[in-house]
Amino acid sequence: MCVAVHPRQLAFVLPHEESLTRDNFLEGPANAAALALIEAWPEWPARTMWLSGPEGSGKSHLAAIWAEASGARITAAHALNPANVPGALATGALVVEDLRPGDADERALFHLLNLAREETAFVLITAREAPTAFEIELKDLRSRLRAVPVVSVLPPDDQLFRALIVKLCADRQLAVDETVVSYLATRIERSYAAARDTVTLLDCEALRLGRPITRALAAEILREP
């Protein structure tokens, strides 16, 4: 979604496809443990694993890689209910995406964990926080989730952050040179979400203004209040 900086002209940006294959996953120290977990399957330390990390850190990409390898279905955490748990787990592997505090049916989660254990199925839960950050009313579910092994994606280092900016631009078919990448990498918050939002804004503004993405354009946009 584009955020309009000025109401002078509307910019319509076509949806873009983000590649979620293993070949297009950016590796670095920040996500090494998470990638190792995905590639270690089915030799996991437990059949249910928890993958945590900041917004935009590649959890969905890792989950997609695992789903491709394992035949797992993917469901949004908020879409789970007790009735659809057996169907969601039908292939013997399931990704529960983006589990957020207070946004999921606790009975469904508890049913899922019990059924997965009974059927020796694999479950990968992705979330921004570790289970200890969740307030769970069901006592049995709380203890069960806090026993799930957690692997975390860390904030990006400089090399990964620069590579992320390049990939986000490539996903949108934007041509940028090293001066733009260096400028952005040293002036925006070093987070996955900030990189994504900044590239989105650059794309929208370049289209609206009919200008290529240059260091000068990036400077103009980032100085906007």
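**A parallel five-stranded sheet and its helices**

In this predicted model, Ala93 stands opposite Phe122 of strand 4. The wider setting of this pair is the parallel association of strand 3 (residues 93-99) with strand 4 (residues 122-127), which are joined by five bridges. Both strands belong to an open sheet of five strands, paired in parallel and arranged in the order 2-3-4-1-5. The edges of the sheet are formed by strand 2 (73-76) and strand 5 (150-152), each of which has a single partner strand, so that one side of each remains without a neighbour in the sheet. From one strand to the next, the twist averages 20°.

Two of the helices can be described relative to strand 3. Helix 2 (residues 59-70) lies across strand 1 (48-52), strand 2, strand 3 and strand 4, and runs at about 170° to strand 3. Helix 4 (residues 106-118) also packs on the sheet, where it touches strand 1, strand 3 and strand 4, its direction making about 155° with that of strand 3.

Over the chain as a whole, nine helices and five strands are found, and these elements follow one another from the N terminus as α-β-α-β-α-β-α-β-α-β-α-α-α-α. The C-alpha atoms fill a box of roughly 60 × 35 × 30 Å along the principal axes, and 44% of the 225 residues count as buried. Of the contacts between residues at least 6 apart in sequence, 74% join residues at least 24 apart. The chain exposes about 11900 Å², of which carbon and sulfur atoms supply 53%, and it carries 23 positive and 30 negative side chains, the centres of the two sets lying 3 Å apart.

Conventions:
Residues are numbered from 1 along each chain as its sequence is written. This is a predicted model: local features need pLDDT of at least 70, side-chain atom pairs count only at pLDDT 80 or more; totals for chains, interfaces and linings use all residues. Side-chain values use heavy atoms; hydrogens and water are left out. Two strands pair if DSSP finds at least two bridges between them. Helices (H or I, at least four residues) and strands (E, at least two) are DSSP runs, numbered from the N terminus. Axes are lines fitted to C-alpha atoms, for helices over the stretch in contact, and angles run from 0 to 180 degrees between N-to-C directions. Contact means heavy atoms within 4.5 Å. Buried means under 20% relative accessible area, exposed over 50%, partly exposed in between (1.4 Å probe, protein chains only). Accessible areas come from the Shrake-Rupley method with a 1.4 Å probe; for residues, only the protein chains shown count as cover. Lys and Arg count as positive and Asp and Glu as negative; His and the chain ends are not counted. The place of a charge is taken as NZ of Lys, CZ of Arg, CG of Asp or CD of Glu.
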